[in-house]
Amino acid sequence: MTSNSVATFLSEHFGLTGQQISLNPIGNGHINTTMLLKASQQSLVVQKLNTDVFPEPEQLVNNARLIEHHLTDKHHAGDYDLAIIRHVRTVNDNFLVNCEHGVWRALEFIGGSYSEDVVANIAQAQTAANAFGKFALALQDFDAKQLHSVIPHFHDLAMRAEKFKAVLQHDPVNRLAQCQVDVDFCLSQFDLIDELSALDGNIPLRACHNDTKINNMLFCSHSGNAKAVIDLDTCMPGYWLFDFGDMVRTFCSPEQEDSTNLANVRVREEIFAAIVKGYVAPLQHVITEQEKQSFWLGAKVMPFMIGLRFLTDFIDGDHYFATKHANHNLQRAQNQFALYKDILRKETTLKTILNINTL
Ligand code: ADP
Ligand code: GN1
Ligand code: MG
């Protein structure tokens, strides 16, 4: 099937009509293939789901639709003011279509919007964190047990460490020698696992987004306000510290996640403060003291854990994350470890910022 025939196939299934149909990639996601399907009257975001990562695409869609319904009720009650990304039905009343090119779904396209890979300024960080906070608040009374665990143990550092050690044993593509320093560094950091397990039972399990990357926020092209929280694929029960930590991971550095300019990979403290302010404000009446205390650990753990996952995939031969070249996962991992080290260096300052802004 050519790209033209995929476009035709998808437009027929999702009921798009007209002569000029185009299909072009959008965004920088590492897992699914996300494209804009454009016809003269309408555009849709179409995604080829990565069925190695999400072997049960029906469960993924079910989860997202439950959340869509919940947010829609909140919206009608005046309790949620962001746009809600809805799945689009096929002409046969399904949400998924299969073709020789994979399993596809379509989402309503939100026009007049953009996303960022690097946070541009303090106001933008606060706006995005506030929107993720509103999203978390809206899901506060959602029964997280309804959600299928599409990737079990997703933010379980102990499981990630086990996978890492297993791949080290096999070194399947002989890459270990190339990254021994990074491997040794990772092996020296696993006390974090005990720090995390000490939290179990002390903080509530919440319905979490679990991928609060800055590029999973849509901003309004005119005002710069937050328009929608997107990419609900990994919404599952979890802890807010991970959503907080993933914002720190992806908002704070002035460099892209795969930048090799490690000298400039650092936490912008003013952006860190903006995340705390923006995220905690909507949650202030529901967040517990222990949860606030846990945010420091979230800020540390997320850059380390995602770095560990990139490094694991590098050693394993790049099966999980999409890569553009042979060292891509290694560069991403080294970038994340540089950020993690800067967070550790700035512990006193960042903890003070956290305390002042969560009083
Ligand atoms: P991925 O799994 O590839 O990360 P996302 O759902 O995050 O998929 O989408 C990738 C990018 O596509 C986003 O960063 C955003 O720029 C754009 N995008 C996604 N959904 C929409 C939408 N509903 N309307 C407009 N743009 C979107
Ligand atoms: C992946 O799909 P995307 O690019 O939004 C990954 C996240 C990582 C992120 C690192 C299902 O997110 O967990 O934090 O890359 N998603 C999955 O940038 O593994
Ligand atoms: Mg995304």
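The legends below describe close-up views of a predicted model, taking the magnesium ion and the two other ligands in turn.

**View 1. The magnesium ion (ligand 3) and the two residues that coordinate it.** In this predicted model, the magnesium ion is held by N216 through its OD1 atom and by D231 through an OD atom, at 2.2 Å. The two residues come from distant parts of the chain and are 15 residues apart: N216 belongs to the loop between β7 (206-208) and β8 (217-220), while D231 belongs to the loop between β9 (226-229) and β10 (236-238).

**View 2. Accessibility of N216 and D231, the residues that coordinate the magnesium ion.** N216 has a relative accessible area of 4% and is therefore classed as buried, the limit for that class being under 20%. D231, with a relative accessible area of 29%, is classed as partly exposed.

**View 3. Ligand 2 and the residues around it.** Ligand 2 is surrounded by 18 residues, of which the closest are D211, K213, E257, R309 and Y320. Helix α9, which spans residues 289-316, contributes the most to this shell, giving 3 residues. The space that ligand 2 takes up is the largest pocket.

**View 4. Polar contacts between ligand 2 and the side chains of D211, K213 and D231.** In the side chain of D211, an N or O atom is 2.7 Å from an oxygen atom of ligand 2, and in the side chain of K213 an N or O atom is 2.8 Å from an oxygen atom of this ligand. D231, which also coordinates the magnesium ion, has a polar side-chain atom 3.2 Å from an oxygen atom of ligand 2. Of the 450 Å² of accessible area that ligand 2 has on its own, the protein covers 96%.

**View 5. Ligand 1 and the residues around it.** There are 18 residues surrounding ligand 1, and the closest of them are T34, E108, I110, S115 and N215. The space that ligand 1 takes up is the largest pocket.

**View 6. Polar contacts between ligand 1 and I110, S115 and D231.** I110 takes part through its backbone, where an N or O atom lies 2.8 Å from a nitrogen atom of ligand 1. S115 takes part through its side chain, where an N or O atom is 2.7 Å from an oxygen atom of the ligand. For D231, an N or O atom in the side chain is 3.0 Å from an oxygen atom of ligand 1. The protein covers 92% of the 540 Å² of accessible area that ligand 1 has on its own.

Conventions:
Residues are numbered from 1 along each chain as its sequence is written. Chains are lettered from A and ligands numbered from 1 in the order in which they are written. This is a predicted model: local features need pLDDT of at least 70, side-chain atom pairs count only at pLDDT 80 or more; totals for chains, interfaces and linings use all residues. Side-chain values use heavy atoms; hydrogens and water are left out. Donors are N, O and S atoms within 2.8 Å of the metal (3.2 Å for Na, K and Ca); water is not among the atoms, so sites may look incomplete. Helices (H or I, at least four residues) and strands (E, at least two) are DSSP runs, numbered from the N terminus. Buried means under 20% relative accessible area, exposed over 50%, partly exposed in between (1.4 Å probe, protein chains only). A residue is near a molecule or strand if one of its heavy atoms lies within 4 Å of it. A polar contact is a pair of N or O atoms within 3.5 Å; within protein, one must be able to donate a hydrogen and the other to accept it, and residues adjacent in sequence count only if both atoms are side-chain atoms. Accessible areas come from the Shrake-Rupley method with a 1.4 Å probe; for residues, only the protein chains shown count as cover. On a 1 Å grid over the protein atoms alone, a cavity is a set of points where a 1.4 Å probe fits but cannot get out, and a pocket is an open set with protein on both sides within 12 Å along at least five of seven lines; lining residues have an atom within 4 Å of a point. A molecule sits in a cavity or pocket if more than half of its atoms lie within 2 Å of its grid points.
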